[in-house]
Amino acid sequence: MLTIAAWLKQAQQQFAVLSQTPDIDARLCLCHVLQVSNSYLYSYPERQLAATELTQLGDIVSKRLQGQPLAYLFGHWQFYDLTLAVAPSTLIPRPDTELLVEQALSLTLPRQAKVLDLGTGTGAIALALAHNRPDWQLTAVDYIAEAVALAEHNRSTLNIANCRVLHSNWFSQLGDQRFDLIVSNPPYIDPVDPHLSALRFEPLTALIAQDNGMADIRQIVSAVGRYLNPNSWLWLEHGYDQADAVRLLLQQAGFDQVCSKRDYGDNWRISGGHWHG
């Protein structure tokens with residue numbers, strides 16, 4: 001039998017070979033299996049783990065050591081204070097993407113603003129915005145049917161009424177609708193980027209884009225003017241080395257007040273601009 005403290009020490013040593021945060025990973029595993037908060041682990045370090053709990057933990061550790069993300073092993077993940085169901089058909093919501101949510105919430109928009117999230121995946125961005133701005137009307141689209149179903153599941157589970165989820169290839173099913181804000185975390189990784197090997201369990205269609213990772217961003221920027229109201233905004237997540245190229249695209253498309261913002265790792269992560277219309 002192992003205590004919580006002993007298991008944590010053992011798991012931290014195992015996770016250290018593949019994770020930069022082995023302590024956090026180990027604690028997340030325990031909290032998931034025991035269905036407790038992190039504070040419980042600090043309060044009861046000498047609690048002995050039952051055989052069934054050790055079996056569950058061993059299965060998770062084994063799969064994690066094969067490279068499987070904890071989010072897929074748990075079936076859920078946290079994003080902007082929301083608990084979202086996740087699945088291998090969608091990207092795992094990441095803390096850096098919360099910067100896109102924070103930027104959107106900082107904008108001065110109409111009280112009942114219409115907002116579009118392109119390539120919604122789990123619905124993370126759209127649902128976070130809808131949750132924090134109950135008067136806004138969110139539309140979330142994705143062209144992967146499994147992602148649409150998952151985003152709708154999350155919307156329903158969270159009981160968020162001011163968001164609708166549509167099956168659409170970017171703007172294809174939006175007709176003549178216009179929005180006060182459009183946000184997107186599109187695929188932006190170059191197909192030959194060596195970092196892809198660390199993301200082998202996540203869907204490539206949500207990760208990679210041709211043209212050095214810029215193809216989908218170019219497609220969005222070139223078409224977006226037809227879907228924006230006067231005095232509106234577009235904000236995009238992109239790769240750490242793409243900010244200059246994205247700003248140039250926005251300026252060439254007629255946006256003003258174009259700028260980029262750094263993520264929590266001090267990398268340029270999002271860029272956006274204002275649309276006069």
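Helices and strands are DSSP runs, numbered from the N terminus, where a helix (H or I) has at least four residues and a strand (E) at least two. The legends below use these element numbers for a predicted model.

**Figure 1. D81 in the loop between strand 1 and strand 2.** D81 is found between strand 1, which covers residues 76-79, and strand 2, which covers residues 82-85. The backbone angle phi of D81 is near 70°, a positive value in a residue other than glycine. With a relative accessible area of 76%, D81 is exposed, because the term applies to residues over 50%.

**Figure 2. D266 in the loop between strand 8 and strand 9.** Strand 8 is made of residues 256-262, and D266 is found in the loop that lies between this strand and strand 9. For D266, too, phi is near 70°, again a positive value in a residue other than glycine.

**Figure 3. The whole protein, as a setting for the close-up views.** The protein has 11 helices and 9 strands, and its C-alpha trace spans about 65 × 40 × 30 Å along the principal axes. A compact globule with 277 residues would have a radius of gyration near 19 Å, and the 20 Å of the protein agrees with this. Of the 277 residues, 50% count as buried, and the accessible surface of the protein comes to about 13,300 Å², of which carbon and sulfur atoms hold 51%. Among the contacts in the protein with a separation of 6 or more, 64% are accounted for by residues 24 or more positions apart.

**Figure 4. H274 in strand 9 and the residues in contact with it.** H274 lies in strand 9, which covers residues 268-275, and counts as buried because its relative accessibility is 4%, with buried meaning under 20%. Leaving aside the neighbours within four places in sequence, H274 is in contact with N231, S232 and W233, and also with F255, D256 and Q257. With one of these residues, N231, the side chain of H274 makes a polar contact of 2.6 Å, side chain to side chain. L41 is separated from H274 by 233 residues along the chain, and the C-alpha atoms of the two residues are 47 Å apart.

**Figure 5. The salt bridge between D263 and R269.** The side chains of D263 and R269 meet in a salt bridge, with a distance of 2.9 Å from N to O. D263 counts as buried at 6% relative accessibility, and R269 likewise counts as buried, at 10%. A search of the whole structure finds 10 salt bridges, and the following two views show further pairs of this kind.

**Figure 6. The salt bridge between R27 and D23 within helix 2.** R27 forms a salt bridge with D23, and the closest N and O atoms of the pair are 3.3 Å apart. Both residues lie in helix 2, which covers residues 22-34, and they are 4 residues apart, about one turn of the helix. R27 is buried, with a relative accessible area of 13%, whereas D23 is partly exposed, with a relative accessible area of 31%.

**Figure 7. The salt bridge between R111 and D135.** The side chains of R111 and D135 meet in a salt bridge with an N to O distance of 3.3 Å. R111 lies in the loop between helix 6 (98-106) and strand 3 (114-118), while D135 lies in the loop between helix 7 (124-132) and strand 4 (137-142), so the pair ties together parts that are 24 residues apart in sequence. R111 is exposed, with a relative accessible area of 58%, whereas D135, at 36% relative accessibility, counts as partly exposed.

**Figure 8. S19 and its polar contact with D25.** S19 is found in the loop between helix 1, which covers residues 4-15, and helix 2. At 12% relative accessibility, S19 counts as buried, and a polar contact of 2.9 Å joins its side chain to the side chain of D25.

**Figure 9. A nonpolar surface patch made by V17, L18 and L65.** These three residues, V17, L18 and L65, make a nonpolar surface patch of about 260 Å². The place of L65 is in helix 4, which covers residues 51-65. L65 is partly exposed, with a relative accessible area of 36%, and this value fits the patch because patches are made of residues with over 30% relative accessible area and no salt bridge.

Conventions:
Residues numbered from 1 in each chain as written. Predicted model: local features only at pLDDT ≥ 70, side-chain atom pairs only at ≥ 80, totals over all residues. Heavy atoms only, no water. Patch = residues over 30% accessible without salt bridge, like charges linked within 9 Å, V, L, I, M, F, W, Y side chains within 5 Å. Areas by Shrake-Rupley, 256 points an atom, 1.4 Å probe, with all protein chains shown as cover. Salt bridge = Lys/Arg side-chain N within 4 Å of Asp/Glu carboxyl O. Buried < 20%, exposed > 50% of the residue type's maximum accessible area, 1.4 Å probe, protein only. Rg over C-alpha atoms; globule rule 2.2 N^0.38 Å. Contact = heavy atoms within 4.5 Å. Polar contact = N/O pair within 3.5 Å; in protein donor to acceptor, adjacent residues only side chain to side chain.
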